[in-house]
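These are my notebook entries on one protein chain. I set down what I looked up, entry by entry.

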Amino acid sequence: MTDALSLVDDWGPEKIVVVSHRRTGMKGVLVIDNTARGIGKGGTRMSPHVTVGEVARLARVMTWKWAGVDLFYGGAKAGIVADPASPDKEAVLRAFARALSNEVPREYVMGLDMGLTENDAAVIQDELGDRGAAVGTPDHLGGVAYDKLGVTGYGVAEAADAAALHLGLSLGGARVAIQGFGAVGHAAAARFAELGATVVAVSTAKGALHEPAGLDVRALLTAREEHGDDFVNRYSGGTVIPAGEELTVDCDILVPAALQDVIDEGTAHQIKADLVVEGANLPTSARAQEILARRGVTVLPDFVANAGGVVAAAFAMDARYSGFRPETPAIFRTISDRLRANAVVVLEEAERRRTTPHTAGRGLAEERVRTAMLSKGRIPR
């Protein structure tokens with residue numbers, strides 16, 4: 001069991017709130033990591049395997065992600081220990097929202113992460129009677145429908161394009177392997193195809209598909225709608241390979257867009273890509289980052305590459321109490337501009353400092369957070 005006090009360092013967390021509700025069986029945690037640059041904002045996930053340590057790690061990622069894209073919110077994350085497929089999901093979600101009514105939305109605004117949908121965000125707003133309690137609600141309720149729009153995946157591809165150009169690699173014809181074909185992975189694949197890349201591998205929890213000559217992304221998207229994750233076993237345009245092997249196929253760009261900690265020390269030695277673009281949060285261990293750097297493989301950090309969702313969330317945060325929807329073209333334009341610019345800045349900083357992009361990018365984000373903490377008197381001058 002994680003000792004919450006052991007998680008505290010110079011940056012946070014500022015607050016860890018563990019809640020429970022006996023009648024529904026709800027157990028959950030909120031971690032507000034650092035609010036020097038603004039109110040705590042980060043997704044809420046639901047999984048039977050949620051832990052305090054996991055949520056704290058993700059909250060810290062949000063601190064760097066907001067600072068990395070230079071938007072004025074703070075790092076936070078929440079998690080509910082429950083099966084999102086349970087028929088009791090709504091009751092558990094409502095109990096969780098009620099338990100955090102002191103913090104939401106004054107200190108933390110809920111959002112969507114693994115296991116939660118746009119309708120769940122609407123349920124949170126309804127339970128607390130406050131449109132400001134959550135973002136990510138359906139379009140028909142005035143929200144920014146992240147998954148429907150595919151904002152995070154779109155941003156991953158845009159950041160990858162900028163990084164590739166910086167490295168002298170044209171995305172046109174580049175071979176891309178994508179782990180995960182969910183909300184992030186499928187949208188990234190669609191944008192990669194639009195930018196002229198060749199998607200050679202994709203995966204789901206049911207397995208993976210590989211075709212060196214390129215998969216038909218449009219057909220994959222249709223198959224996903226019809227068959228869900230099992231489309232990999234029904235699609236006839238590629239070879240089915242075991243889940244996990246898509247990380248090591250021959251490609252130019254690898255996009256881990258599923259779970260955290262999937263690229264470890266062993267996998268790092270087998271990766272054949274020249275560029276790894278982190279679509280998921282925390283997919284590459286620190287040791288793997290070092291190994292990849294020694295091998296000449298560039299890794300674009302998660303808090304840079306998958307920040308399209310936080311840019312869209314910033315629009316949604318501004319619109320919580322407005323009668324007007326955020327303009328979709330403006331969201332996509334801002335995602336492209338911010339992520340492409342940040343990708344280049346971080347890679348240039350890594351080259352200048354002769355370090356990894358993770359270290360360079362975190363250094364830039366840390367400086368922004370530290371400056372805000374100094375201005376507010378939260379640390380000694």
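Which residues is aspartate 229 in contact with, leaving aside its neighbours within four places in sequence? I worked on a predicted model throughout, and there I found Thr204, Ala205 and Lys206 as the contacts of aspartate 229.

**Entry 1: aspartate 229.** I placed this residue in the loop between α7 (217-227) and β10 (239-241). I then asked whether aspartate 229 is buried, exposed or partly exposed. Its relative accessible area is 38%; since buried means under 20% and exposed over 50%, aspartate 229 is partly exposed. I also looked up its separation from alanine 197: the two are 32 residues apart in sequence, and their C-alpha atoms are 23 Å apart in space.

**Entry 2: aspartate 130.** I found this residue in another loop, the one between α3 (118-128) and α4 (146-149). Not counting residues up to four places away in sequence, aspartate 130 touches Pro105, Gln125 and Tyr321. I noted arginine 320 as well: it is 190 residues from aspartate 130 along the chain, yet 9.3 Å separates their C-alpha atoms.

**Entry 3: helix α12.** I checked the length of this helix, which covers residues 328-353. At 1.5 Å a residue, its 26 residues should span 38 Å, and I read 37 Å between the end C-alpha atoms, so the two values agree. Next I listed the buried residues of α12, among them Ile331, Ile335, Leu339, Asn342, Val346 and Ala350. I recalled that an α-helix has 3.6 residues a turn, so residues three or four places apart point the same way. The buried set of α12 also includes Ser336 and Glu349. Just after α12, I found arginine 354 with a positive phi of about 55°.

**Entry 4: the whole chain.** I counted 13 helices and 13 strands in the protein chain. For 381 residues, a compact globule would have a radius of gyration near 21 Å; I obtained 20 Å for this chain, which agrees. The C-alpha trace spans about 55 × 50 × 45 Å along its principal axes. Of the 381 residues, 56% count as buried. Taking contacts between residues at least 6 apart in sequence, I found that 66% join residues at least 24 apart.

**Entry 5: surface and charge.** I computed an accessible surface of about 16,200 Å² for the protein chain, with 49% of it belonging to carbon and sulfur atoms. The chain has 41 positive and 48 negative charges, and I recorded a distance of 5 Å between their mean positions.

Key:
Residues are numbered from 1 along each chain as its sequence is written. This is a predicted model: local features need pLDDT of at least 70, side-chain atom pairs count only at pLDDT 80 or more; totals for chains, interfaces and linings use all residues. Side-chain values use heavy atoms; hydrogens and water are left out. Helices (H or I, at least four residues) and strands (E, at least two) are DSSP runs, numbered from the N terminus. The expected span of a helix is 1.5 Å times one less than its number of residues. Buried means under 20% relative accessible area, exposed over 50%, partly exposed in between (1.4 Å probe, protein chains only). The radius of gyration is taken over C-alpha atoms; the globule rule is 2.2 Å times the number of residues to the power 0.38. Contact means heavy atoms within 4.5 Å. Accessible areas come from the Shrake-Rupley method with a 1.4 Å probe; for residues, only the protein chains shown count as cover. Lys and Arg count as positive and Asp and Glu as negative; His and the chain ends are not counted. The place of a charge is taken as NZ of Lys, CZ of Arg, CG of Asp or CD of Glu.
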